[in-house]
Amino acid sequence: LFKTSLNGKPELVNNPFQRWSDFEISSKGIYAIVPADSVAHPDKVLDSYIGFGSTVVYQKAGYRMSNLTLSPSEKWLAFQEAKSTGVQNASLQIISLTNPALLIKVPMDRVITQVRWSADESKLYFTAQNQGAAPLYAYDLVSKQVKQITDNTTGILGFDIINNGFIYAKTGIENPSEIYQQSADSVRTFTTLNSGWLASKSIVRPTKHTFTNAKGQKVDYWVMKPADYIAGQKYPLVLEIHGGPSAMWGTGEASMWHEFQYYAAQGMGIVYANPRGSGGYGTDFLAANVKDWGAGPTSDVMKALDLTIAEGWADTTQLAVTGGSYAGYLVAWIVGHTNRFKVACAQRGVYELTTFMGEGNAWRLVPNYFGGYPWEKMTRVILDRESPMTYVQNIRTPLIIFHGENDLRTGVIGSEMLYKSLKILGRDVEYVRHPEASHEITRAGNNRQRIDQMLRTYEFFSRYLKVN
């Protein structure tokens, strides 16, 4: 961390061998999240603590801290705490800086993102993933209760507090992004950046459904019929899968809004789900795919597909499946275990877990989800069992594979192996490597490459599906 005046020379603030993951500047100094071990290499230190100069404000063995938010009077400090290893949601905590023994835990088992204090410090506002939405919440420090402020069908992308309420960016099916102003008794649209464009568009609205999976968990899924749907006709159906695996899809998540609407406009139906392992449903659901990345989540997304087919309008001979990152993994797993799909698309995925541990910067997913490392005998058995490459000889579904040349999160070697193996086996496969693209290629990457990827996918699908 450096500090500098407008025209001054940067001055180092902290020990350069300490990697502060977050900090808040107060009138008396800096609160920072500091590695628990000051001697070991920071890459090997998973535990952390909240420090103020040489003082340890809060520390808990086996845990890491994140997302510091200092209250206006500097009396309170909000932060998130999670176990250093394993799979769980971080808990939102509030510590008194005048009495550090006073620690308040916000009762919310969700992925919590943005956090803001009210001016009088009576409330802590935050957004959290919840069942396909990302509402704004308020935690009352007196009543110790959490209250939901916005609806459970949209997502708050960013917010701030104003004198009479809030101003926030919000996504929803009706509009992928606008800024809104909310007071005590009304909500008004502050911008109309997309409204003019949407006026001439036909937007397909998804219908939400729920089923109970084999573990007794409630699984949400959404169905979109094709644009200009005509009752009695049969249509191709695309199973869309999200990544993470701890991501969450729903009507309050904007990343694939454009893709869903585009495919619907081309005469295809879409079904997407939040299978076990997704965010937005609590720690038990989040960790329900530990040592089970393949079969369990597959059964959930395939159940959503089957229930959609049961509605009677989908052509069961015209099925496609697609997804990116972890979902690229699951696409490859699925087509290695069933021939039900006419065509498939795997984007920026992980296909061999031992290779992924070596090349991806998200490699800690391996020990966290599978309990160890490839050189450990029992873990290696699990990694081989859960790797799509183990079943590559079973893949007969035409497959197009995408990856970004500079994707450091999942790495390109696994997709190269999948492509080369399928070519050697004589299967119908294509491979697209976008120059200079990162892991964000299909979400927030170069727009020309995002359009290219989507159009290439549609063209590949159109070779095998009866699309408009």
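**Close-up 1. The hairpin of strand 5 and strand 6 in this predicted model.** Two residues sit between the strands of this hairpin, where G53 adopts a positive phi near 65 degrees. Strand 5 (residues 48–52) and strand 6 (residues 55–59) run antiparallel and are joined by four bridges. To get your bearings, look for Y49, which stands opposite Q59 in strand 6.

**Close-up 2. Helix 4 and what covers it.** Helix 4 covers residues 295–309, 15 residues in total. At 1.5 Å a residue it should span 21 Å, and the end C-alpha atoms are indeed 21 Å apart, so expectation and model agree. Buried residues of this helix are G296, P297, T298, D300, V301, M302, A304, L305, T308 and I309. Their cover includes strand 19 (207–212), strand 20 (218–224), strand 21 (235–241), strand 22 (269–273), strand 23 (314–324) and helix 5.

**Close-up 3. The largest nonpolar core.** Nonpolar side chains tend to be buried together in soluble globular proteins. Here the largest such core holds 85 residues, and L239, I241, L305, L418 and F461 have the most contacts inside it. Helix 5 (residues 326–335) gives this core its largest share, nine residues. Apart from this core lies another, of 16 residues, with W76, I94, Y137 and L141 among them.

**Close-up 4. The surroundings of L239.** Which residues does L239 touch, leaving aside its neighbours within four places in sequence? They are V271, V301, M302, L305, A320, V321, T322 and F341. You may recognise V301, M302 and L305 from the view of helix 4, where they are among the buried residues.

Key: Residues are numbered from 1 along each chain as its sequence is written. This is a predicted model: local features need pLDDT of at least 70, side-chain atom pairs count only at pLDDT 80 or more; totals for chains, interfaces and linings use all residues. Side-chain values use heavy atoms; hydrogens and water are left out. A nonpolar core is a set of buried Ala, Val, Leu, Ile, Met, Phe, Trp, Tyr and Cys residues joined through side-chain atoms within 4.5 Å. Buried means under 20% relative accessible area, exposed over 50%, partly exposed in between (1.4 Å probe, protein chains only). Contact means heavy atoms within 4.5 Å. The expected span of a helix is 1.5 Å times one less than its number of residues. Two strands pair if DSSP finds at least two bridges between them.
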